[in-house]
Structure formats: C-alpha cells, structure tokens
Amino acid sequence: MKNKVVMTGVDLSHWNLWNSPEKAKTEGGVQFAMLKIGGSDNGYYKDPKFDTFYDRCVLNSIYVGVYFFAGSSFKTYAEGEKAANYVLKLLRGRKLSMPVVIDVEKGKSKYKVGQTDAVLAFQKVIEKAGYYAMVYGSDVATFKNMLDLSRLKGIDKWVARYGKEPENVADCGIWQWTSTGKVAGFFTFVDCDRAYKNYPEIIAGMNKKGGKK
C-alpha cells in the first residue's frame, strides 16, 4: 500500500484509561480520536465514557470521529437503518471532524449478503444526516470473508491489521496498525491508527457543499 500518512490517532472506549489528553496530543502525537459511541452487541447502549472523551477532545483540539459496535442482529437493511438512527440520536447534532463508523468485526461469513446490506443502509442514513460514513473491520476476517467488497466501493474503509499493512483493502482510509500502542497520556495500551486522508478538511468541504457528493 505504502500510502502517505496524513494524520495519526487512537480509538477509544470505556476500557481505556485516559489520564492526560494534553500529553496525548503534545507528547503522544494524537491528532484524532475515534470514540466508541455505543453498540448493539448487548442490546442497544451508549458507551459510558463517550461524553467525557468527546469533551476532552474538543477542549484539546483533537479531531473527533465515532464508531458503533454492531451486534449479531446487524444482518439486514432494516437493522442497518436502525443502528444509524440510534447513532444519530446519541450524537444529538454534535459536530464531528472525522467519520461516523459502523464496526462489523463480529459478523459471520454466512451472513455476508445481509451484513453488506446493513452497511449500505447505515451509510445512507448517516450521509443523509450530513456526516461522513465509514465501515470498520479486519483486513481478512471482515473485509474478505464477511462483506461483499464489490458492493462497498462507495464507502470508506477503516481496516485493522497488525504486523503489516492491509492487503485485501489496499485503498483504506484509516489503518489500525496495533492494539498495544504505548502513547503518552494513557495508563493502558491503546489502539493506534494512521489516516491516509485529511478527514477534517474533507468533512469541512462537505459541510460547505451541503453533504457528501
């Protein structure tokens, strides 16, 4: 792939212990954070640290995106719409400078068609609301085995692959390259990401034009 890294960041949920956002930015090089907003793997729920992490990012000028962890029901078009509308409810109109992501890493290969339908539905609802939609998963287990990539050419991908760059999704927008990153400002290991696009600039342009084109 060997794409140019434009931004570096982390992705966070309530499992992370973030003691110093200031150090994360000034010493850890954190430019953006993808925050877990909630999920549907145990009923529909909101991540208990989302509001706190969002406020910390805003106060420290760290660009913010969100992701929603899809559960086993995420295998129909209707479920994709439901998940997207729930995310919009949790966002409550908040401004974001990074994408809104559906995390489908816990899907199953036998539901490949339905899971792809759900991703497309999620994308449609999110983009209609004026946000930048994205899908997350592992390079092999998700994008090769659980989704039909030929139908997802119109949605950006955030890909997890540790040890080497993604191969099945060579044109990904964000690469999650480790889950054991040591970053200033955190008490624990953290997921680290490299973005190959200037999402704040892209999203600012979308907002001026009235949506993704």
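## Strands β8, β9 and β1

Trp175 has Arg194, a residue of β9, as its bridge partner. This pair belongs to a wider match in a predicted model: strand β8, residues 174-181, and strand β9 are paired antiparallel through five bridges.

Strand β9 has a further partner. Its residues 190-195 are joined by five bridges to strand β1, residues 7-12, and these two strands also run antiparallel. Within this pairing, Gly9 stands opposite Asp193 of β9.

## The loop before β8

Cys172 sits in the loop that links β7, residues 156-160, to β8. Is Cys172 buried or exposed? Its relative accessibility is 2%, and a residue is called buried when this value is under 20%, so Cys172 counts as buried. Cys172 and Ile37 are 135 residues apart along the chain, and their C-alpha atoms are separated by 22 Å.

## Strands β5 and β6

Strand β5, residues 100-103, is joined to β6 by four bridges, and here the two strands run parallel. One of the matched pairs is Asp103 with Tyr136, the latter in β6.

How much of β6 is covered? Strand β6 comprises residues 133-138, and five of its six residues are buried.

## Val66 and its surroundings

Val66 is part of strand β4, which comprises residues 63-69. Its relative accessibility is 0%, so Val66 counts as buried.

Which residues does Val66 touch, leaving aside those up to four places away in sequence? They are Met34, Leu35, Ile37, Phe50, Leu91, Leu96, Pro99, Val100 and Val101. Among these contacts, Val100 and Val101 fall within the residue range of β5, 100-103. Glu79 lies 13 residues from Val66 along the chain, and the C-alpha atoms of Glu79 and Val66 are separated by 19 Å.

## Two residues with positive phi

Most residues other than glycine have a negative phi. Ser61 has a positive phi, near 55°. Ser61 is located in the loop that runs between α2, residues 50-59, and β4.

Arg92 also has a positive value, with phi near 50°. Arg92 is found in the loop between α3, residues 77-91, and β5. Is Arg92 buried or exposed? Its relative accessible area is 62%, and a residue is called exposed when this value is over 50%, so Arg92 is exposed.

## The chain as a whole

The protein chain holds five helices and nine strands. From the N terminus on, their order is β-α-β-β-α-β-α-β-α-β-β-β-β-α. The radius of gyration of the chain is 16 Å, close to the 17 Å given by the globule rule for 213 residues, so the chain is as compact as a globular protein of that length. Along its principal axes, the C-alpha trace spans about 45 × 35 × 35 Å.

Of the 213 residues, 52% are buried. Among contacts with a separation of 6 or more, 68% are between residues 24 or more positions apart. The chain exposes about 10100 Å², and carbon and sulfur atoms supply 51% of that area. As for charge, there are 33 positive and 22 negative charges, and the mean positions of the two sets are 2 Å apart.

Definitions and conventions: Residues numbered from 1 in each chain as written. Predicted model: local features only at pLDDT ≥ 70, side-chain atom pairs only at ≥ 80, totals over all residues. Heavy atoms only, no water. Rg over C-alpha atoms; globule rule 2.2 N^0.38 Å. Buried < 20%, exposed > 50% of the residue type's maximum accessible area, 1.4 Å probe, protein only. Contact = heavy atoms within 4.5 Å. Areas by Shrake-Rupley, 256 points an atom, 1.4 Å probe, with all protein chains shown as cover. Lys, Arg positive; Asp, Glu negative; His and termini not counted. Charge placed at Lys NZ, Arg CZ, Asp CG, Glu CD. Pairing = 2+ DSSP bridges.
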